[in-house]
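Me: I am new to this structure. Please take a close look at one part, the largest cavity, and connect it to its surroundings.

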Amino acid sequence: MPGDPVLSTSPSSTQPVYPNGPLSPIHSAQTPSSAVASLQPPADLWERIRRGFAMPDLQGELVTDREQWYASRPDYIQRMTERSSKYLFHIVEELERRNMPTELALLPYIESAFNPQAVSSAKAAGMWQFMPATGKYFDLKQNAFRDDRRDVLASTRAALDYLQKLHGMFGDWHLALAAYNWGEGSVGRAIARNRKDGLGTTYMDLRMPDETRLYVPKLQAVKNIVANPQTFRAELPLIENHPYFQQVQITRDIDVALAAKLADVEISNFKALNPSAHRPVILAAGMPHILLPWDNAKIFQRNFEAYTQGQYASWTAWTAPATLSVSDAARRVGMSETDLRGVNNIPPRMLIKAGSTLLVSRSAKMDNDVTSHVADTAQMTLAPEIVTRRSTVKARKGETVASIAKRYGQSVASVAEWNKVSATAGFKLGQQVVLFLPVRAASPVRAQTRGAVKAVPRSTGKAVVKSRRR
């Protein structure tokens, strides 16, 4: 062991030999604090996070202002921290495995208040707030049946990948965080401007939007509260230094409600752990694992194997063979138009475009689950429904079905069918020709004066958070 005397291998020598003479005593003041590891495991997860703090502290009025903001809202802190208790252990484990500062485990407090269903006005989603394009860049699948930007494991992996990439680019965690919020290109250009002007290039030196200017101070404020909750009269809920959930394999498509029932988990808790499954069914080919509270995993496996009450899934996927109205699609799949609209979130006055994949009722005789290709690539595309009105026009001299069809932008076959004549027929001068022409949308003012009902955007029912630029 280090510090033990070195014994000579010579047979004639029996006395220990000390290198460089007698050893000097080592005093505690000479020992670097970072070299001393506690033999006691952290009492809870908060203590484990504190031990892993490794980013330089940011100080100043902005930090103080954010500290006061959070400290004056104890109920908000309580809700956020209780919500985070399901996810923090996994995030801390991943950060430590990558040798990253554990302050970053607190970033979802700033991004989404640890709400995996949060959606910003700029369409960023999940507790790490990924924009659609950035999510795709980091292999977060987004299709008709799931959105991995909300997935606990996938989004955490992508967020830490992104943060590591940004730290590698800028060599500074504060700048990496600014880039996470504002975009790497924006931060790079701000640094270049300051260098050109002979100015500093640290986080506090750069000109940036107010949101980004407050971003790191917010994280620093939360870090300070976690480090010394008593100073801010904050109460942090006990989070044990133990995994909250574990992965469980699923081998068949299964309704979300049934999966929660078989696991003996409340549906809200199940959805909180599996937020990427935003439909009432989980497709095994696209999402072969679910997350369950640690003690409920075995319960689910036992009940899943013993289940004998019919199919696991009451929903399946159906691909539209042509562009269809919702009523036509509903008739083809044997559902009511209301139910088909509801389960697929289809607004009024929209057509389902050919190739779109919809969630539809599964017949009792269907044995096959949805294929991996459909589960991974399914998309639903809608187009505005064209509203037509019966009109009549007078034929000009020498006009034919073809000339009228061309004049009004209709097909020859349609004009012929509407007037019950052949496609090569002609019309007499002044003859009334029937057409079904699109109705132009009225302006909002005119629509109101005519008593029309204005279209109202459908609510998503999801939390909305601040705008993101990623």
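Reply: A cavity is a set of grid points where a 1.4 Å probe fits but cannot get out. The model examined here is predicted. The largest cavity holds about 90 Å³ of space.

Start with its wall. The lining consists of Trp46, Tyr70, Ile77, Met80, Thr81, Tyr109, Val222, Ile225, Val226 and Leu236. By class, nine of these residues are nonpolar and one is polar. No charged residue takes part in this lining. Helices H3 and H10 each give at least two residues to the wall.

Tyr70 leads on to helix H2. This helix spans residues 61-71, and its buried residues are Val63, Arg66, Glu67 and Tyr70. They sit on the same side of H2, because they cover an arc of only 105° around the axis. The face turned away from that buried side carries Glu61 and Gln68, both exposed. What covers the buried residues? The cover of H2 includes helix H3 (74-84), helix H5 (107-111) and helix H10 (210-227). H3 and H10 thus appear in the cover of H2 and in the lining of the largest cavity.

Now the nonpolar packing. The largest nonpolar core has 67 residues. Leu88, Trp128, Phe130, Leu163, Leu177, Tyr180 and Val187 have the most contacts inside it. Helix H7, residues 152-170, gives the most to this core, with nine residues. Take Leu177 as one example. Leaving out residues up to four places away in sequence, Leu177 touches Met55, Leu104, Leu107, Leu163, Tyr215, Val216 and Leu219. A second, separate core has 25 residues, including Ala144, Val326, Val343 and Met350.

Other enclosed space follows. Three cavities reach 30 Å³ or more. The second largest cavity has about 70 Å³ of space. Its lining is made by Phe145, Arg146, Ala277, Val281, Ile282, Leu283, Gly286, Met287 and Ala375. Seven of these are nonpolar, one is polar and one is charged.

Ala277 links this cavity to an open site. The second largest pocket has a volume of about 260 Å³. It has 12 lining residues, and the closest to its centre are Gln117, Lys271, Ala277, His278 and Arg279. Helix H11 (256-263) and helix H12 (267-273) are the elements that give two or more residues to this lining. By class, the pocket lining has six nonpolar, three polar and three charged residues.

Note on methods: Residues are numbered from 1 along each chain as its sequence is written. This is a predicted model: local features need pLDDT of at least 70, side-chain atom pairs count only at pLDDT 80 or more; totals for chains, interfaces and linings use all residues. Side-chain values use heavy atoms; hydrogens and water are left out. Buried means under 20% relative accessible area, exposed over 50%, partly exposed in between (1.4 Å probe, protein chains only). Helices (H or I, at least four residues) and strands (E, at least two) are DSSP runs, numbered from the N terminus. The arc is that of the directions from the helix axis to the C-beta atoms. Contact means heavy atoms within 4.5 Å. On a 1 Å grid over the protein atoms alone, a cavity is a set of points where a 1.4 Å probe fits but cannot get out, and a pocket is an open set with protein on both sides within 12 Å along at least five of seven lines; lining residues have an atom within 4 Å of a point. Grid points are joined across faces, edges and corners, and a volume is the space filled by probe spheres set on the points. Ala, Val, Leu, Ile, Met, Phe, Trp, Tyr, Cys and Pro count as nonpolar, Asp, Glu, Lys and Arg as charged, and the others, Gly among them, as polar. A nonpolar core is a set of buried Ala, Val, Leu, Ile, Met, Phe, Trp, Tyr and Cys residues joined through side-chain atoms within 4.5 Å.
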